[in-house]
2 protein chains.
Amino acid sequence: MAAPSNRPETRVERKERTRRAILDAALTLCEDSSLVALSLRQVAKEVGIVPTAFYRHFESLQDLGLALVEESFVSLHAVLREVRRSDPTFEQNIDTSVETLLDHVERHHAHFLFITRERLAGPPAVRAAIKREIDLAERELATDLEWLVTSMGASPWSPDDWKALSNLFVRAMVSTVEAVLVAGGDTRAQQEVAERTRTQLRLVLVGALNWESRPAEPALRASEA
Amino acid sequence: MAAPSNRPETRVERKERTRRAILDAALTLCEDSSLVALSLRQVAKEVGIVPTAFYRHFESLQDLGLALVEESFVSLHAVLREVRRSDPTFEQNIDTSVETLLDHVERHHAHFLFITRERLAGPPAVRAAIKREIDLAERELATDLEWLVTSMGASPWSPDDWKALSNLFVRAMVSTVEAVLVAGGDTRAQQEVAERTRTQLRLVLVGALNWESRPAEPALRASEA
DNA sequence: GTTTCGGGTGCACATGTGTGCACCGTCGCG
DNA sequence: CGCGACGGTGCACACATGTGCACCCGAAAC
């Protein structure tokens, strides 16, 4: 609702505007179904254009899906970058990371719902694109974790263990986002999810700091006592 | 392909047979799409019956979905029960549990693919049914974990921490099943997933055994050294 | 043996769907 | 100024889809 400057829109502005409208319409419709159950005509009707006009912007629904994936992840990567350059004190890092993530999920609710669903149920190309992005985030996290954990005086780890750990964190994030989304608007439930996630991350952290790569006898400190 | 006894089928036998055929057909079609993108006529064609005959067995596709959920989870619950009554030595338990689970996933590939997809993308009622089953499994696991962990001399935990731990394990299971399924028939990748999962579970276990509920200063043993 | 019941058929209908084609009006370049 | 490119329209077609209805016929109940 910016000031409605009555200057007639330029051509590219107009095109970008309906492109956005299409993306938003698809996102809206995907809130209670999946891309694979969506029809070109539905989107067109939602946007308020004639079906064939859709092709002026995307080759197919799958193409639209890919655009939505990209769009969703630029915002997510921004968040991850923000989390990454925050205070490297691990404990605080967990709390603020969870908070930041959930805040972002709430603000970009539709995007995350889309990614969460299409990750497993979308058209093959869309699934592949999402997997690529997540794998990327996982690799980036792996180097960060190595940096953080070794700075806290743990034993040297094998590369596989680094992968396993970052994968564990990423899975936790994915699962948490899922949980928040199915909680819907129930803020009470969301709080519980957040608190539980914090506990879990701390628990994993405790495990990591007491970890030794490929122990012949596993490092079970508590049982030594 | 059992011995084709030429005795004419009884009425209920016949009915049960086409009901099974419908379930199997739907499961097959769901291998590369989702329930919400499935049409009554497709299933009917796959089964080899006329569309309207479908209604003699199910009220709707969603109804069919609920039946498939139930069917999928009876076999899964059997596995969980088997894992649960195995050797309570924790280390071995992890290895055999992962092995048993993945073995089962391979054998009931279509069922797990179905659950994995519909869990987030299916019709609302189907999603709800799957969530109910998973939550049930989580609660059952929580009591088992309490039994196992306390028998290994860890500090007393708060109820929330038990929930968090079992939730963490269940999420790990779900994620692992996902990973195995997207790996497709690539047994090399499956082996990697299995190994990584074992590592992760061991890591969580180490964390659990060094855990103290709600520590004012978190129990970071490594940093004390 | 006769009747009833119920799984399966065939047909019909209104509606939804992807997409080709000709067209139109206007913005923007020459 | 004029013309071409291009976003958007309207129409058409050949399907696919859910579902109602009358019907059929073989097993089961009597």
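Let's start at the surface near DNA strand D, whose residues divide into 6 nonpolar, 7 polar and 7 charged. Keep in mind as you look around that this is a predicted model. Both chains contribute to this surface: α1 (11-29) of chain A and α2 of chain B each supply at least two residues. The largest share, 4 residues, comes from α1(A).

Now zoom in on the residues themselves. There are 20 of them around DNA strand D, and Arg56(A), His57(A), Thr10(B), Arg41(B) and Tyr55(B) come nearest. Three of these names return when you look for polar atoms. The side chain of Arg56(A) places an N or O atom 2.4 Å from a base oxygen of DNA strand D. With His57(A), the partner is a phosphate oxygen of the strand, 2.7 Å from a side-chain N or O atom. Over on chain B, the side chain of Thr10(B) likewise has an N or O atom 2.7 Å from a phosphate oxygen of DNA strand D. As for the strand's own atoms within 4 Å of the protein, 44% belong to sugar or phosphate, and bases provide the rest.

Next, turn to DNA strand C. Here 18 residues surround the strand, with Thr10(A), Arg41(A), Tyr55(A), Arg56(B) and His57(B) coming nearest. Sugar and phosphate make up 48% of the atoms of DNA strand C that come within 4 Å of the protein. The residues of this surface divide into 5 nonpolar, 7 polar and 6 charged. α2 (40-47) of chain A and α1 of chain B each supply at least two of them, and α1(B) gives the most, with 4 residues.

Two base oxygens are worth finding in your viewer. A polar side-chain atom of Arg56(B) lies 2.5 Å from a base oxygen of DNA strand C, and one of Thr52(B) lies 3.2 Å from a base oxygen of that strand. For the backbone, look at Gln42(A), where a side-chain N or O atom is 3.3 Å from a phosphate oxygen of DNA strand C.

From here, follow α1(B) into its own chain. Helix α1 (residues 11-29) of chain B packs with helix α2 (residues 40-47) of chain B at an angle of about 115°, their axes 9 Å apart. The crossing is right-handed. On the α1(B) side the contact includes Ala21(B), Ile22(B) and Leu29(B), which belong to a group meeting Gln42(B), Val43(B), Glu46(B) and Val47(B) in α2(B). Its residues divide into 7 nonpolar, 2 polar and 1 charged.

Finally, step back to see how the chains meet. The contact takes 46 residues from chain A and 45 from chain B. About 4100 Å² is buried between them, with carbon and sulfur atoms giving 66%. In chain A, Leu120(A), Arg171(A) and Leu203(A) lose the most area to chain B, together 16% of what that side buries.

Conventions. Residues are numbered from 1 along each chain as its sequence is written. Chains are lettered from A and ligands numbered from 1 in the order in which they are written. This is a predicted model: local features need pLDDT of at least 70, side-chain atom pairs count only at pLDDT 80 or more; totals for chains, interfaces and linings use all residues. Side-chain values use heavy atoms; hydrogens and water are left out. Axes are lines fitted to C-alpha atoms, for helices over the stretch in contact, and angles run from 0 to 180 degrees between N-to-C directions. A crossing is left-handed if the near helix is turned anticlockwise from the far one by less than a right angle, and right-handed if clockwise. Contact means heavy atoms within 4.5 Å. Ala, Val, Leu, Ile, Met, Phe, Trp, Tyr, Cys and Pro count as nonpolar, Asp, Glu, Lys and Arg as charged, and the others, Gly among them, as polar. A residue is near a molecule or strand if one of its heavy atoms lies within 4 Å of it. A polar contact is a pair of N or O atoms within 3.5 Å; within protein, one must be able to donate a hydrogen and the other to accept it, and residues adjacent in sequence count only if both atoms are side-chain atoms. Buried area is the accessible area (1.4 Å probe) that two parts lose on being put together, summed over both.
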